[in-house]
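Subject: Structure for your review

Dear colleague,

I am passing on the structure we talked about, together with my notes on it. Please read the notes with the structure open beside them.

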Amino acid sequence: MATMTLLKAINQTLFEQMRKDDNVVLYGEDAGYEGGVFRVTAGLQKEFGKDRVFDTPISEAAIMGSAIGMAAAGLRPITEIQFSGFMFPGYNQIATHMARMHNRSRGKYKMPIVVRMPYGGGVRALEHHSESLETLFAHIPGLKLVIPSTPYDAKGLLTSAIQDDDPVIFMEPKKIYRAFKQEVPEEEYKIPLGKAKVVQKGTDVTVVSWGAMMVETQKAIKALEDENISVELIDLRTISPIDTETIIKSVKKTGRFLVAHEAVKTLGIGAELISRVNEGAFFHLEAMPTRITGHDITVPLPKGERHQTVDATRIAEEIKKLARFE
Amino acid sequence: MILDAYDSLKGEMFGVLDPDGKVVNKDYEPKIDDDTLLKMYKTMVLARIADTKALQYQRQGRMLTFAPVMGQEGAQVGPLAASKQKDWLVQAFREMAALLYKGAPLKQLYLYWYGNEMGSRFDDLNILPVNVPIGSQISHAAGIAYASKLKKRDESVIAFIGDGGTAHGEFHEGLNFAAVYDLPVVTIIQNNQYAISTPRSMASKAKTLAQKAVGYGIPGVQVDGNDPLAMYAATKEALKRAKEGKGPTLIEAVTYRLGPHTTSDDPSIYRSEEEVKEWQAKDPITRFRKYLSNRKLWNKDKEEALQEEYKKFVADTFKEVEKMPLPTADEVFDYTYANMTEELKKQKEAYKKRLNESEGE
């Protein structure tokens, strides 16, 4: 078994799935010859040729729209949006067609499309390069939304996404593309979509997070080691559909719930999770369900970004408060 | 070559028939067998009767909002007759004549406008469903064409859009995308002079819409869209290019929407009766009937018999649609995903339980 970064795990998975299925094609802005601005797709065009792995004009709408046509004609396109902040011109196609074509055609046209896009802040980037827009996809019926937080999960989830017959938005936490390595099996394996992962078992507080925020959450838990707080940590992994069952089971045990996400507060995924906790575990709650999120502001440029960042310190404070609430 | 001979930048429009159905451009009169000519004509007549009846049904409160095609039938049957059955049809939302020509049952087309998604499922036909958001279908056509080229399938794509749609960014992205990969797509702009109330002159400053092709490095030609023979001939050439791997072609069909934008629209607000009369004189159906009569393929008796047959067929079809069961709860949930999520299964079961209880009362 090789150890590799999250980025490398995605790259390896793309190779594996393209070798396995001739109907898989991959394309996006600079995704072909250069291998993408982050090199996630490096080497693919060389192995699979310019017809299956290709560069596109700067046309997010046409990238998404063409994927719909390809899927209708039997291909399984993997598309790349260079940064999630640039997805808006393509959002029309995603929301008005990709998510609906199967329903609209009453099952005739399946849409086995993966839309990959790096997301999230903390990388000292230009405007529109740091957003966390998961809510905008999770709110659309017909889409699935995945955000991995480890190299191992990235491979298993991406494999499932590529083999899924529904459109899957695959948001990649670019801040941790190369942050750490993990052992990743060389053979194919799948992690089912819609299943959260209990990363650490505990009895006092349930903490849910995903993507790059998992790193901060784990740091926070580590910082609390001497505080005698037993945290159950859940990596949501699939944002849509949400694995309500795993969360409710945990909250019934702990009675305390915290969700931490990068995205802005209002109508964020945190709001949805808290609703579900209220619906499913209300009589088990010992403290009010809590969220830590970005503020409802535009992501600041790098010099001011620290004001928006949800970090381990903030998460640790909240966990402590929740655990001690009586 | 029509695509070379007619310069859209100079405003040259290609046509074969005059408004009286006489061939005025002998060099380019396409050689079409009699059966195909008759199929083209009959399809136009069926579409016209289905439109007229649907307007009546709508006014009687039996039909929902729909977008009549009347006036544009020639711009649709010409291209469809020039294409192969396995070529794809990517529609906007006013393509009833094209759909009927392709073999889509009228019952299904009515069912769609009657408010039931089952009307969009064309099992054995290469047709995409009605595309409501203006302009966004061109990149779907490009994607289908990409798949066809990659898999060497010899399937081309005919995509329809309106004059209003050419103002949309999606038109540009889709056409450009098709052009840079030399994809087998024929994009047909049905310039019916209006985007709801907004005239063609507000869609673009360009003298013709066909000339937009220049910017994409592809051929473009303006065609008399009320001349089915001209539309056939131009599309035939464009499909030949597509098949030979030479890439997309843009055809502007100059036509006119004789009816309202949809049944919710009142065109008398924005256009004069004189203008409508002017275009009625150029009606593609009348013109084509005269052409067929001149060729001894059609006569008054045949016309009367056809009118009678289709009127009955259309009325019977609509009655069948009215008798069809309403979509069930299962139907509206089950197609959201190819594989329904656990979450949605729960929502569906909870809803069905409530539904059964309330219906049991």
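In this predicted model, strand β8 of chain B, residues 249-254, has six of its six residues buried, so the strand is largely enclosed by the rest of the structure. The side chains of β8(B) alternate in direction, with B:T249, B:I251 and B:A253 pointing one way and B:L250, B:E252 and B:V254 pointing the other way, and all of them are buried.

β8(B) has pairing partners in two strands that I looked at. Strand β4 of chain B, residues 185-191, runs parallel to β8(B) and is joined to it by six bridges; within this pairing, B:I189 has B:E252 as its bridge partner in β8(B). Strand β7 of chain B, residues 220-224, also pairs with β8(B) in the parallel sense, here over five bridges, and the bridge partner of B:V221 in β8(B) is B:I251. Between β7(B) and β8(B) the chain passes through helix α9 of chain B, residues 228-243, and the resulting β-α-β crossover is right-handed.

On the level of domains, chain B is divided into domain 1, covering 2-327, and domain 2, covering 329-361. The centres of these two domains of chain B, taken over C-alpha atoms, are separated by 39 Å.

Next comes the contact between the chains, to which chain B contributes 34 residues and chain A contributes 35 residues. On the side of chain B that touches chain A, the elements giving two or more residues are α6 (138-150), α7 (169-180) and α14 (342-360) of chain B. Of these, α6(B) supplies the largest share of that side, with ten residues. Sorted by class, the residues on the side of chain B that touches chain A comprise 15 nonpolar, twelve polar and seven charged.

Turning to chain A as a whole, its secondary structure amounts to eleven helices and 14 strands. What radius of gyration would a compact globule with 326 residues have, and how does chain A compare? For that number of residues the expected value is near 20 Å, and chain A has 20 Å, which agrees. The C-alpha trace of chain A spans about 60 × 40 × 40 Å along its principal axes. Of the 326 residues of chain A, 57% count as buried. Among the contacts in chain A with a separation of 6 or more, 81% are accounted for by residues 24 or more positions apart.

Chain A is likewise described by a division into domains, namely domain 1 (2-184) and domain 2 (197-324), and the C-alpha centres of these two domains of chain A lie 26 Å apart. Their contact draws 25 residues from domain 1 of chain A and 23 residues from domain 2 of chain A. The elements that give two or more residues to the domain 1 side of this contact are α6 (134-138), β6 (144-146) and α7 (151-163) of chain A, and α6(A) gives the most to that side, with four residues. By class, the side of domain 1 of chain A that touches domain 2 of chain A consists of eleven nonpolar, seven polar and seven charged residues.

Finally, some backbone details of chain A deserve a look. As background, most residues other than glycine have a negative phi, and most peptide bonds are trans. A:S240 and A:P241 are joined by a cis peptide bond, with omega about 0°, and A:P241 is found in the loop between β12 (238-240) and α9 (244-254) of chain A. A:R237 is located in the loop between β11 (231-235) and β12 of chain A, and its phi is near 60°, a positive value in a residue other than glycine. A:R39, which is not a glycine either, has a positive phi of about 70° and belongs to the loop between β2 (24-28) and α2 (44-48) of chain A.

Are these two arginines buried or exposed? A:R237 counts as buried, because it has 27 C-beta neighbours inside 10 Å and the cut-off for a buried residue is 20 or more. A:R39, by contrast, is partly exposed, with 14 other C-beta atoms within 10 Å.

With best regards

Conventions:
Residues numbered from 1 in each chain as written. Chains lettered and ligands numbered in written order. Predicted model: local features only at pLDDT ≥ 70, side-chain atom pairs only at ≥ 80, totals over all residues. Contact = placed C-beta atoms within 7 Å. Nonpolar A, V, L, I, M, F, W, Y, C, P; charged D, E, K, R; others polar. Rg over C-alpha atoms; globule rule 2.2 N^0.38 Å. Buried ≥ 20, exposed ≤ 12 C-beta atoms within 10 Å, placed from the backbone. Pairing = 2+ DSSP bridges. Right-handed = clockwise from strand over helix to strand, strands pointing away. Domains from an automatic or database assignment.
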